[in-house]
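Let's take a walk through this structure together, starting at the ligand and working outwards. Keep the model open beside you as you read.

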Amino acid sequence: MAIHQHFSEHCMHRTNSPIIIALDFPQPKQALDLVHRLEQQHCRVKVGHELFTRGGTALVETLVNQGIEVFLDLKFHDIPNTVAQACKAAAELGVWMINVHALGGRTMLIRAHEALAAYSQRPLLIAVTVLTSLDEDDLYALGLHGTLDENVLRLARLTHACELDGIVCSPHEIHTIRREINDNFVLVTPGIRPAHAQQNDQKRVMTPQEALQAGSNYLVIGRPITAAADPLQALQEIEASL
Ligand code: C5P
């Protein structure tokens, strides 16, 4: 099959919803069952390391072939050539969005961007700046001086200068980033909790509505939907709140 064919067949946008559901399940069957239950809402989904390591490309292709837009959250971070080839492999799966670590450096980011340029309908390419699990002490130990915000902003600027489409960031970083990079740079934000939902292990959260108002483009939401007694109802309630 020609590499572009996936896109023309499957990547017609099915939704205007900003919600990306984090399919954080250990087993592919659980992920596919949830997707089936939520089918009528036409939502995008995120496949991360655990699910991908278990379900592999077969799972991603199953989702893509159902017309679902997939954010393949594998955070590539390696030498430029390896990352460029991995980006091509992901593009040829027909996914909607992929990501890399900005800490891979300028050349890696540029090569990742260039690797996708050949595709007529390429996935969006975004970067992780600073993992939200790190605090300033961690950054200092890594030799990254300055505040958390300064590091996030520096890596966001680098990502933007390398012409990537956007970044993953905390909703609390949106304001700082949007003040400087205010064009079509895509901000994808996890750490989202509807007003009455449990925070789980997320420390600094925002409601879906607040995050969108602050300038987020896509909201990554997992447990408030995936662990709900009625995931479809939970998703519909969040959609209605937007
Ligand atoms: O269940 P919950 O809504 O907390 O899921 C959030 C998703 O976003 C998880 O897949 C998590 O790994 C991811 N994520 C995050 N914080 C980041 C980056 C990714 O919560 N900084």
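**Around the ligand**

Start with Gly-222, where a backbone N or O atom sits 2.8 Å from an oxygen atom of the ligand. Bear in mind as you go that this is a predicted model. Move on to Arg-223 and you'll find another backbone contact: one of its polar backbone atoms is 2.7 Å from an oxygen atom of the ligand. Gln-202 joins in with its side chain, placing a polar atom 2.8 Å from a ligand oxygen.

Who else is in the neighbourhood? Besides Gln-202, Gly-222 and Arg-223, the residues surrounding the ligand are Ala-22, Asp-24, Lys-46, Thr-132, Pro-190, Arg-193, Val-220, Ile-221 and Pro-224.

Now look at the pockets. The largest pocket has a volume of about 1100 Å³. It is lined by 40 residues, and the closest to its centre are Thr-132, Ser-133, Pro-190, Gly-191 and Gln-202. You have met some of these names already: Thr-132, Pro-190 and Gln-202 are also among the residues around the ligand. Which helices and strands help build the lining? At least two residues each come from α3 (49–65), β3 (70–76), β8 (218–221) and α10 (223–226). As for chemistry, the lining of this pocket is a mix of 18 nonpolar, ten polar and twelve charged residues.

The second largest pocket holds about 290 Å³ of space. Of its 15 lining residues, Pro-194, His-196, Ala-197, Pro-224 and Ile-238 are the closest to the centre. Pro-224 is worth a second look, since it also belongs to the set surrounding the ligand. Helices α9 (208–214), α10 and α11 (231–241) each put at least two residues into the lining of the second largest pocket. Of these, α11 gives the largest share, with four residues. By class, this lining comes out as seven nonpolar, six polar and two charged residues. Helix α10 turns up in both places, as it also supplies at least two residues to the lining of the largest pocket.

Next, pick out Asn-99, which belongs to strand β4 (residues 97–101). Is it buried or exposed? Asn-99 has a relative accessible area of just 1%, so it counts as buried. Its side chain still has a polar partner: one of its polar atoms lies 2.8 Å from the backbone nitrogen of Lys-75.

Finally, the cysteines. How many disulfides does a search of the whole structure find? The answer is zero. Take Cys-87, which is in no disulfide: the nearest cysteine sulfur belongs to Cys-162 and is 13 Å away. A pair would need its sulfur atoms within 2.5 Å to count. Cys-169 is in no disulfide either, with the sulfur of Cys-162, again the nearest, 17 Å off.

These cysteines are tucked away from the surface, too. Cys-87 is buried at a relative accessible area of 0%, and Cys-169 is buried at 4%. Cys-162 is likewise buried, with a relative accessible area of 4%, even though its place is in a loop, the one between α7 (148–161) and β6 (166–168). For a sense of scale, compare Cys-162 with Gln-66: they are 96 residues apart along the chain, and their C-alpha atoms are separated by 33 Å.

Methods. Residues are numbered from 1 along each chain as its sequence is written. This is a predicted model: local features need pLDDT of at least 70, side-chain atom pairs count only at pLDDT 80 or more; totals for chains, interfaces and linings use all residues. Side-chain values use heavy atoms; hydrogens and water are left out. Buried means under 20% relative accessible area, exposed over 50%, partly exposed in between (1.4 Å probe, protein chains only). On a 1 Å grid over the protein atoms alone, a cavity is a set of points where a 1.4 Å probe fits but cannot get out, and a pocket is an open set with protein on both sides within 12 Å along at least five of seven lines; lining residues have an atom within 4 Å of a point. Grid points are joined across faces, edges and corners, and a volume is the space filled by probe spheres set on the points. Ala, Val, Leu, Ile, Met, Phe, Trp, Tyr, Cys and Pro count as nonpolar, Asp, Glu, Lys and Arg as charged, and the others, Gly among them, as polar. A residue is near a molecule or strand if one of its heavy atoms lies within 4 Å of it. A polar contact is a pair of N or O atoms within 3.5 Å; within protein, one must be able to donate a hydrogen and the other to accept it, and residues adjacent in sequence count only if both atoms are side-chain atoms.
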